[in-house]
Each structure stands twice: as structure tokens, then as C-alpha cells.
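User: I would like to go through this structure with you, starting with empty space inside and then moving on to the rings and cysteines. Could we begin?

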Amino acid sequence: RKKILLSAAVVSARTYADFTTEATFEIKKCDIHKLDEAPATQVVMTREEGLQYYRTMQTIRRMELKADQLYKQKIIRGFCHLYDGQEACAVGIEAGINLTDHLITAYRAHGYTYTRGGTVKEIMAELTGRRGGIAKGKGGSMHMYTKHFYGGNGIVGAQVPLGAGVALACKYLGNNELCVSLYGDGAANQGQIFETYNMAALWKLPAIFICENNRYGMGTSVERAAASTDYYKRGDFIPGLRVDGMDVLCVREATKFAADHCRSGKGPMLMELQTYRYHGHSMSDPGVSYRTREEIQEVRGKSDPISMLKDRMLSNNMASIEELKEIDVAVRKEIEDAAQFATTDPEPPLEELCNHIFYNNPALEVRGTNPWTKLKSVS
């Protein structure tokens, strides 16, 4: 026991000066469409950034695994779509834009709610439908919101035109902000997405359209769903990038590149992030009837976003195994505390049910918003 304590003391005595403060990495080249240049393939990451990315990805991963557990215990009910496996997308995108920029996504939204400033506690409590949830327990898994984050949207693809509206507001206000609209490969064949591309290109909106291609829309593989699986080219007249969505640095560089393009007034950009979800489409989908367990294991083994970042940091002396383990322990504790809160916090009271339907509570007579109102003629 003395020996263990002694070695722990030696480790903690190691000064941060021993670590490399920044390193250059060679990353995979993006495929490009209607562009003369591509994002850089040699990129710099600082130790501080690496630790931040690691902590955030690990938090999202653990939060989703806890949600899986609570769902199986019937504590979380209803729809629940988990994001584990896709963490590099959320963390990479956020590293490439500002928190004052805007983001809207589909219903696989827990990761983005966290990166946009929500707390694990608020997200878990929302999942269990409690008063302390981020939408006061009334949104559940699919409908979470924070500042500059317009939530998970349940209608397939409908968030894309909404995101273009947000981008139009950015342009109209001239605030040098942009809007990222995320959708999956399953939504990529929606007509409303192509209508949006058209308007965004005509009006040169500061919009980044991002297809998170996790290879399966519900239980249908991309090859069975789309005549062209080159999603990054499907904006036709809109320039596009195809990116390794399992590598946080690839996503970060591509997003920065797209953001610069938008802010310089050149109009929208389309990105396809090639990623993978470890869980099924939702909690009601075991996820192994249309793909093999071996396929999932292979992705986990070869291109897990967290393992990839961890290996990079360790092999470049940017962190120690002990330090990363300390982060893991802290993250697990945060998740356990949040789960404890999410299972003990009271549910919202019944009188809250009809609140917050309107922004400014109009008179009850307006369009019969109250089913008990007697309608009367005012002519």
C-alpha cells in the first residue's frame, strides 16, 4: 500500500512543464466539391485543447451510457436517440465556430445540448421529465434548448429550413454570425432540404448544412436509401466537403474552413461527416438486425473518436495516463450525481402544463388556445 501511495505522489509531483504544450498532427484530407482549396491537413492542437476535447467527448459518452441504463430501468420513457460514437462531430464543430453562432439539429440532440452550454444535470433531468430539466421536464429527449441552440427537432429534416431562417436573421442583422443546421443521412433525401439549399444559395446565407452520415437512417443503410451517397455533392451548386467525422481535428478544421467561407459573404457550405452510432437508431432499436455486431466492434476498435484522441495525446507526451484517468473518474462522478438528481427531482406540477406555449401569453380568447373558453362573436 505504501508503494502505491508513493508512486501516486511521484506522479502528482510531475510538473506540467514536462508535457508538450502543443503538437502538429497530420490529418486525413477532405474530399471537396466545387472548391479550389481544401482545409489544411497539417494542424496544431494544444495540450489544453486536447484535454478539453477529451473531457467533453468522455462526458457525452458516459451521459449516453447512463441514459441507456435508465431507459432499460424504465426511468426514461418515450423516444430516446443516443449519440455515443458520434462525439467527435459535436466537439469538432463547436471547436470550429463560436458559442455566439447558432446551431439547430434533429432529435439525436443530447451531445449538442451539452456543448451548447447545457449541464449534464439539466439534460438528465429533462430525460426523466423532471422540473429541473433544461426544458422544465416538458421536452424530453428530443426537445432541448439553450441560448443560440434551437433544439432537437422531431420532424425529419424540418430543422434545415428553420436553420436557414436563423441564417437569414444573421445576415439581416449583419452580426457576422452563422447558423449550423445538422441532419442525418436518413433526412438527406427530404424535398425541404433541397428547397432550402436553393434559397440559401440565392440569398448567400451564412449557413453551414451538415449531414451527419452515420450510415443508417433508422434501419436502412445509405446504399439502400440514396441513389447517390456522396452527400457532400448533393447541394449541387453549393460547395461541399466530405470529412472523417470520427476525428475531432478533421471536423474542427473543416468547420473552421466552412465558417470562414460563410463569414466572407460567399454563401452556404455543405459538409458530410462520415461517422457511426454505437447504439441503434433509438432505444427501441437493438441495432443489430440490419448490421452485424462485428461491424460495430470493428468501428469501436479502429476508429473510436475518444481512443483516437487519447492515443494522439499520449504518443505526443501531451498528457499522462494517470491524468486522463483522473478526468474519467471526475466525469463518472458528475454523471452519477446528475442521475441521482434526475431520479429524485420532482416532476413538473400539472398547472405548468399549458404554460410557455406562447412567448408572451396572449389573451385566452385568441384562437381558442384554452379549450374551456366559450367562443364569442366580436363583430
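**Cavities, rings and cysteines**

Analyst: The count comes to 1 cavity of 30 Å³ or more. Please keep in mind that this is a predicted model.

User: How much space lies in the largest cavity?

Analyst: The largest cavity holds about 40 Å³ of space.

User: Which residues line the largest cavity?

Analyst: The lining consists of Ile27, Lys28, Lys29, Cys30, Pro39, Ala40, Thr41, Cys250, Glu253 and Ala254. Sorted by class, 6 of these lining residues are nonpolar, 1 is polar and 3 are charged.

User: Let's change to aromatics. How many aromatic pairs does a search of the whole structure find?

Analyst: The search finds 4 aromatic pairs. One of them joins Phe194 and Tyr197, with 5.4 Å from centre to centre and 75° between the planes, which makes the pair edge-to-face.

User: Why does 75° count as edge-to-face?

Analyst: Planes over 60 degrees apart count as edge-to-face, so the pair falls in that class.

User: And how are Phe194 and Tyr197 placed in helix H7?

Analyst: Helix H7 covers residues 191–202, and the two residues are 3 apart in it, so about one helical turn separates Phe194 from Tyr197.

User: Phe194 and Tyr197: which is buried and which is partly exposed?

Analyst: Tyr197 is buried, at 2% relative accessibility. Phe194 is partly exposed, with a value of 31%.

User: What about Tyr216 and Tyr290, how is that pair arranged?

Analyst: The ring centres of Tyr216 and Tyr290 are 5.2 Å apart and the planes are at 50°, so this pair is tilted. Tyr216 belongs to strand S8 (residues 216–217), whereas Tyr290 is in the loop between strand S11 (269–274) and helix H10 (293–303), so the pair ties together parts 74 residues apart in sequence.

User: Is Tyr216 buried or exposed?

Analyst: Tyr216 is buried, with a relative accessible area of 9%.

User: Going back to Phe194 and Tyr197, which aromatic cluster do they belong to?

Analyst: Together with Phe209, Phe194 and Tyr197 form one aromatic cluster.

User: Where does Lys121 lie?

Analyst: Lys121 lies over the face of Phe341, and its distance from the ring centre is 4.6 Å.

User: New topic: the backbone. What is the phi of Asn176?

Analyst: Asn176 has a positive phi of about 60°, although this residue is not a glycine. Asn176 sits in the loop between helix H6 (159–173) and strand S6 (179–184). Its relative accessibility of 49% counts as partly exposed.

User: And what is the phi of Met218?

Analyst: Met218 also is not a glycine, and its phi is positive, at about 50°. Met218 is found in the loop between S8 and strand S9 (220–221). With 53% relative accessibility, Met218 counts as exposed.

User: Why is Met218 exposed while Asn176 is partly exposed?

Analyst: Exposed means over 50% relative accessible area. Met218 at 53% passes that cut-off, so it counts as exposed, whereas Asn176 at 49% does not, so it counts as partly exposed.

User: Last topic. How many disulfides does the structure hold?

Analyst: The structure holds 0 disulfides. Cys170, for example, is in none, and the nearest cysteine sulfur to it, that of Cys179, is 6.5 Å away. A disulfide requires sulfur atoms within 2.5 Å, so these two cysteines do not count as one.

User: Are Cys170 and Cys179 buried or exposed?

Analyst: Cys170 is buried, with a relative accessible area of 4%. Cys179 is buried as well, with a value of 0%.

Definitions and conventions
Residues are numbered from 1 along each chain as its sequence is written. This is a predicted model: local features need pLDDT of at least 70, side-chain atom pairs count only at pLDDT 80 or more; totals for chains, interfaces and linings use all residues. Side-chain values use heavy atoms; hydrogens and water are left out. Rings of Phe, Tyr and Trp (its six-membered ring) pair if their centres lie within 6.5 Å; planes under 30 degrees apart count as stacked, over 60 as edge-to-face and the rest as tilted. Helices (H or I, at least four residues) and strands (E, at least two) are DSSP runs, numbered from the N terminus. Buried means under 20% relative accessible area, exposed over 50%, partly exposed in between (1.4 Å probe, protein chains only). A charge sits over a ring if NZ of Lys or CZ of Arg is within 6 Å of the ring centre and within 35 degrees of the ring normal. On a 1 Å grid over the protein atoms alone, a cavity is a set of points where a 1.4 Å probe fits but cannot get out, and a pocket is an open set with protein on both sides within 12 Å along at least five of seven lines; lining residues have an atom within 4 Å of a point. Grid points are joined across faces, edges and corners, and a volume is the space filled by probe spheres set on the points. Ala, Val, Leu, Ile, Met, Phe, Trp, Tyr, Cys and Pro count as nonpolar, Asp, Glu, Lys and Arg as charged, and the others, Gly among them, as polar.
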